[in-house]
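Good morning, everyone, and thank you for making the time. I would like to walk through one model with you this morning, and I will ask you to keep the sequence and the structure in view while I talk.

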Amino acid sequence: MHDPDRRHGVLELREEPDGILHVTVDGELSEEIARSIAAASRRIAESGREVLVLTDVSRIKAIPHDVRKLMASGTLAARHDAVAIVGASFTLRVVAMLSARSLSLLTSRSYPFEFFATEAEAHAWLLAQREVIRARQPPVA
């Protein structure tokens, strides 16, 4: 039986003790969920910390056209210093690459991201990215 009230997905959003923002969507990625993820990223950026995001997309069922368009438009643009994506199908990989390219063109900023088979690999890569980012920062006098 189809339940029309369950058409949107469920978001699990948490900041790990090491500062990594962990995102999981189960079901359809709605505009509300996309806006919540962007808001969490902006809060971290405004605190002066690196925005490192580990996204598990293995349970995403759909990303509606209007949400893909919104994401690619830059409307939800939030700083992401590195994004690790786990569990992406071929289709989701294409959507992620196109979204990242669109944002790069609109904001003149690169959005480094990589795809991983496991959360452990993704987590290790994000921690390494943090070190690269910090090494590029000028020393505080």
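I will start with the chain as a whole, go on to two helices and the enclosed and open spaces, and end with three single residues.

Please keep in mind throughout that this is a predicted model. The protein chain has four helices and six strands, and if you read along the sequence, these follow the pattern β-β-α-β-β-α-β-α-β-α. Of its 141 residues, 40% count as buried. As for how the chain is held together in terms of sequence distance, if we take the contacts with a separation of 6 or more, 72% of them are between residues 24 or more positions apart.

Let me turn to helix 1, residues 31–46. With 16 residues at 1.5 Å a residue, helix 1 should span 22 Å, and its end C-alpha atoms are indeed 22 Å apart, so the expected and modelled spans agree. Which residues of helix 1 are buried? They are Ile 33, Ala 34, Ile 37, Ala 38, Ala 40, Ser 41, Ile 44 and Ala 45. Because these residues cover an arc of only 155 degrees around the axis, they lie on the same side of helix 1. The general background is that an α-helix has 3.6 residues a turn, so residues three or four places apart point the same way. On the face turned away from the buried side, helix 1 carries the exposed residues Glu 32, Arg 43 and Glu 46. Just after helix 1 comes Gly 48, which takes a positive phi of about 90 degrees.

Helix 4, residues 119–136, can be read in a similar manner. Its 18 residues should span 26 Å at 1.5 Å a residue, and the end C-alpha atoms are 26 Å apart, which agrees. The buried residues here are Ala 122, Trp 125, Leu 126, Gln 129, Arg 130 and Ile 133. They cover an arc of only 150 degrees around the axis, and therefore sit on the same side of helix 4. These buried residues pack against strand 3, strand 5 and strand 6, whereas the face turned away from them carries the exposed residues Ala 120 and Ala 135.

Now to the empty space. How many cavities of 30 Å³ or more does a search of the whole structure find? It finds one, and about 670 Å³ of space lies in it. Of the 28 residues that line this cavity, the closest to its centre are Thr 55, Met 71, His 80, Val 83 and Ser 99. The elements that give two or more residues to the lining are strand 2, helix 1, strand 3, strand 5, helix 3 and strand 6, and helix 3 gives the most, with six residues. By class, the lining divides into 25 nonpolar residues, three polar and no charged.

The largest pocket, which is a separate item, has a volume of about 200 Å³. It is lined by Asp 81, Arg 109, Ser 110, Pro 112, Gln 129, Val 132, Ile 133 and Arg 136, and by class this lining has three nonpolar, two polar and three charged residues. Gln 129 and Ile 133, both in this lining, were also named among the buried residues of helix 4.

Finally, the three single residues. Phe 113 is found in strand 6, residues 113–116, and counts as partly exposed because its relative accessibility is 22%. Leaving out residues up to four places away in sequence, Phe 113 touches Val 83, Ile 85, Ala 96, Met 97, Ala 100 and Trp 125. Phe 113 and Ala 84 are 29 residues apart in sequence, yet 5.6 Å apart in space from C-alpha to C-alpha.

Is Ala 88, in the loop between strand 5 and helix 3, buried or exposed? At 15% relative accessibility, Ala 88 counts as buried, and beyond its neighbours within four places in sequence, it is in contact with Val 57, Arg 93 and Phe 115.

Lys 61, in strand 4, residues 60–62, is by contrast exposed, with a relative accessible area of 64%. Not counting residues up to four places away in sequence, Lys 61 touches Gly 27 and Glu 28, and its C-alpha lies 5.2 Å from that of Glu 28, across 33 residues of sequence.

How values were computed: Residues numbered from 1 in each chain as written. Predicted model: local features only at pLDDT ≥ 70, side-chain atom pairs only at ≥ 80, totals over all residues. Heavy atoms only, no water. Buried < 20%, exposed > 50% of the residue type's maximum accessible area, 1.4 Å probe, protein only. Contact = heavy atoms within 4.5 Å. Expected span 1.5 Å × (residues − 1). Arc of directions from axis to C-beta. 1 Å grid on protein atoms, 1.4 Å probe; cavity = no way out; pocket = protein on both sides within 12 Å on 5 of 7 lines; lining within 4 Å. Points joined across faces, edges and corners; volume = space filled by probe spheres on them. Nonpolar A, V, L, I, M, F, W, Y, C, P; charged D, E, K, R; others polar.
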